[in-house]
Amino acid sequence: PMQAGRRLSAYEPQNLSNTSWAYAKMSFVDGPLFAAISSAAIARIGDYDQQGLSNTAWAFAWLPLRHDPLLAAISEESISRLANGIN
């Protein structure tokens, strides 16, 4: 997982979402990996589709890790899309 953390900036949003969801589903807790996913996701938050936002939010809410900046970014992006009528 640590090697993957170094390359996460090259991942597409769906890859980041799927990775975080899969690790959370398995209750696999790796703080540095999730911190790297969080940073990469925040940088590309506008590129996520609704499913990706939802899956990423679920993954980070499910695990005993706090990544408030990511959850805030997901929330802001979701509210903006709702306000603008964008799916």
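At what angle do helix H3 (residues 31-43) and H5 pack, and how far apart are their axes? In this predicted model, for which local features need pLDDT of at least 70 and side-chain atom pairs count only at pLDDT 80 or more, totals for chains, interfaces and linings use all residues. Residues are numbered from 1 along each chain as its sequence is written, and side-chain values use heavy atoms, with hydrogens and water left out. Helices here are DSSP runs of H or I with at least four residues, numbered from the N terminus.

To take up the opening question, H3 and H5 pack at an angle of about 30°, and their axes are 9 Å apart. Axes are lines fitted to C-alpha atoms, for helices over the stretch in contact, and angles run from 0 to 180 degrees between N-to-C directions. The two helices H3 and H5 are therefore roughly parallel to each other; angles under 35 degrees count as roughly parallel, over 145 as roughly antiparallel, 65 to 115 as roughly perpendicular and the rest as oblique. The crossing of H3 and H5 is left-handed, a term used if the near helix is turned anticlockwise from the far one by less than a right angle. On the H3 side, Ser38, Ala41 and Ile42 meet Pro69, Leu70 and Ala73 of H5, where contact means heavy atoms within 4.5 Å. This contact of H3 with H5 comprises 5 nonpolar residues, 1 polar residue and no charged ones. For these classes, Ala, Val, Leu, Ile, Met, Phe, Trp, Tyr, Cys and Pro count as nonpolar, Asp, Glu, Lys and Arg as charged, and the others, Gly among them, as polar.

Helix H5 also packs against H4. Helix H4 (residues 50-62) and helix H5 (residues 68-84) meet at an angle of about 150°, with axes 10 Å apart, and are therefore roughly antiparallel to each other. The crossing of H4 and H5 is again left-handed. From H4, the contact draws on Gln50, Leu53, Thr56, Ala57 and Phe60, and from H5 on Leu70, Leu71, Ile74, Glu77, Ser78 and Arg81. By class, the contact of H4 with H5 holds 6 nonpolar, 3 polar and 2 charged residues. Leu70 of H5 is listed both in this contact and in the contact with H3.

A further packing pair joins H4 to H2. Here the angle between H2 and H4 is about 35° and the axes are 8 Å apart, with a left-handed crossing. In H2, Ser17, Ser20, Trp21, Ala24 and Lys25 meet Gln51, Gly52, Asn55, Thr56, Trp58, Ala59, Phe60 and Trp62 of H4. The contact of H2 with H4 has 6 nonpolar, 6 polar and 1 charged residue.

Several single residues fill in the picture. Ser20 belongs to helix H2 (residues 13-25) and, with 0% relative accessibility, counts as buried; buried means under 20% relative accessible area, exposed over 50% and partly exposed in between, with a 1.4 Å probe and protein chains only. A polar atom of the Ser20 side chain lies 3.0 Å from the backbone oxygen of Ser17. Leaving aside neighbours within four places in sequence, Ser20 touches Phe34, Ile37, Thr56, Ala59 and Phe60.

In H3, three buried residues may be described together. Ser38 lies in this helix and is buried at 5% relative accessibility; beyond its neighbours within four places in sequence, Ser38 is in contact with Phe60, His67 and Leu70. Ala40, also in H3, is buried with a relative accessible area of 10%. With the same sequence neighbours set aside, Ala40 is in contact with Leu8, Ser9 and Leu16. Between Ala40 and Ser9 there are 5.2 Å from C-alpha to C-alpha, although the two are 31 residues apart in sequence. Leu33 of H3 is buried as well, at a relative accessible area of 2%, and its C-alpha atom is separated by 9.2 Å from that of Leu8, 25 residues away along the chain.

Glu76 offers a contrast in helix H5, being exposed at 57% relative accessibility. Its C-alpha lies 9.7 Å from that of Ile45, with the two positions 31 residues apart in sequence numbering. Finally, Ser27 sits in the loop between H2 and H3 and has a positive phi of about 55° although it is not a glycine. Most residues other than glycine have a negative phi.

Technical notes
A polar contact is a pair of N or O atoms within 3.5 Å; within protein, one must be able to donate a hydrogen and the other to accept it, and residues adjacent in sequence count only if both atoms are side-chain atoms.
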